[in-house]
Amino acid sequence: MSYTGKVKVVLTGADQPTGKIRLRNIFPNQKTKVLAIVQLENAKPGMKVTGEWARLGTLHPDASGQTPEGIIIGNAEFTLVEESINPETSIGSGKLQLVSTKKLPPDSYLLRVFVNGTLVRTSGFVLVPVRKQNAANTSPPVKN
């Protein structure tokens, strides 16, 4: 039986120490950590939520391994449990996380969210190069 209900996905860089979440869809491409918070209406315990993270090749269409669906760079999943579902609203939630310890290329990326194997939502994001900054306490060269 396929899932019916709204699915909400928000992206952030990581859990914030303050407990507040800073929503983003642009991330630096060094040691990337992208966290997706997923909320599902009509949630039931045992529903399996899977995330498929893909590089789309917008900036590098000839990248090795490129397919029409992109280059899969990671997967994550969670299964809803009773404690993760609000009994009054029937909204369940969980987290999907992409962690890369290496620098991913600047490009467009996509998270595909599946519930029990059915695609229910996509969420795009971009990785951008990190600008090099001058070292602390150094001044630009002085012209005479």
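In what order do the 5 strands of the open sheet with mixed pairing follow one another? The legends below take up this question and then turn to further views of the predicted model.

**Figure 1. Overall strand content of the predicted model.** The secondary structure of the protein amounts to 8 strands and 0 helices. Along the sequence, the elements follow the pattern β-β-β-β-β-β-β-β. Of the 144 residues of the protein, 35% count as buried. The protein exposes about 9,600 Å², of which carbon and sulfur atoms supply 51%. Among contacts between residues at least 6 apart in sequence, 65% join residues at least 24 apart.

**Figure 2. The open sheet of 5 strands with mixed pairing.** The strand order in this sheet is 2-8-7-4-5. The edges are occupied by strand 2 (26–28) and strand 5 (71–79); each has a single partner strand, so one side of each is left without a neighbour in the sheet. From one strand to the next, the twist averages 25°. At one of these edges, strand 2 pairs with strand 8 (residues 118–128) in the parallel sense, over 3 bridges.

**Figure 3. Residue I26 in strand 2.** The bridge partner of I26 in strand 8 is V126. I26 is partly exposed, and its relative accessible area is 47%. Together with V126 and V128, I26 forms a nonpolar patch on the surface. The accessible area of the three residues together is about 200 Å².

**Figure 4. Residue F27 and its contacts.** Is F27, with a relative accessibility of 2%, buried or exposed? F27 lies in strand 2 and counts as buried, because its relative accessibility of 2% falls under the 20% limit for that class. When neighbours within four places in sequence are left aside, F27 is in contact with L11, T12, G13, K33, V34, F125, V126, L127 and V128. Of the residues named in the preceding legend, V126 and V128 are thus among the contacts of F27. F27 and P129 are 102 residues apart in sequence, and their C-alpha atoms are 8.7 Å apart in space.

**Figure 5. The salt bridge between K48 and E77.** Side chains of opposite charge can pair when their charged atoms come close. A search of the whole structure finds 3 salt bridges. In the one shown here, the side chains of K48 and E77 meet with an N to O distance of 3.6 Å. K48 lies in strand 4 (residues 48–55) and E77 in strand 5, so the pair ties together parts that are 29 residues apart in sequence. K48 is partly exposed, at a relative accessible area of 36%.

**Figure 6. The salt bridge between R112 and E52.** The closest N and O atoms of R112 and E52 are 3.3 Å apart. This pair links distant parts of the chain, with R112 in strand 7 (residues 107–115) and E52 in strand 4, 60 residues apart. R112 counts as buried, at 12% relative accessibility.

**Figure 7. The salt bridge between D107 and R55.** The side chains of D107 and R55 meet at a distance of 3.0 Å, N to O. D107 lies in strand 7 and R55 in strand 4, so the pair ties together parts that are 52 residues apart in sequence. Which relative accessible area does D107 have? For D107 the value is 1%, and the residue is buried. R55 is buried as well, with a relative accessible area of 12%.

**Figure 8. The open sheet of 3 strands with antiparallel pairing.** In this sheet the strand order is 1-3-6. Strand 1 (7–12) and strand 6 (92–99) are the edge strands, and each pairs on one side only. Neighbouring strands of the sheet are turned against each other by 20° on average, direction ignored. Strand 3 (residues 33–40) and strand 6 run antiparallel and are joined by 8 bridges. Within this region, Q39 stands opposite S93 in strand 6.

How values were computed:
Residues numbered from 1 in each chain as written. Predicted model: local features only at pLDDT ≥ 70, side-chain atom pairs only at ≥ 80, totals over all residues. Heavy atoms only, no water. Pairing = 2+ DSSP bridges. Helix = DSSP H or I, 4+ residues; strand = E, 2+ residues; numbered from the N terminus. Axes fitted to C-alpha atoms, helices over the stretch in contact; angles between N-to-C directions. Patch = residues over 30% accessible without salt bridge, like charges linked within 9 Å, V, L, I, M, F, W, Y side chains within 5 Å. Areas by Shrake-Rupley, 256 points an atom, 1.4 Å probe, with all protein chains shown as cover. Salt bridge = Lys/Arg side-chain N within 4 Å of Asp/Glu carboxyl O. Buried < 20%, exposed > 50% of the residue type's maximum accessible area, 1.4 Å probe, protein only. Contact = heavy atoms within 4.5 Å.
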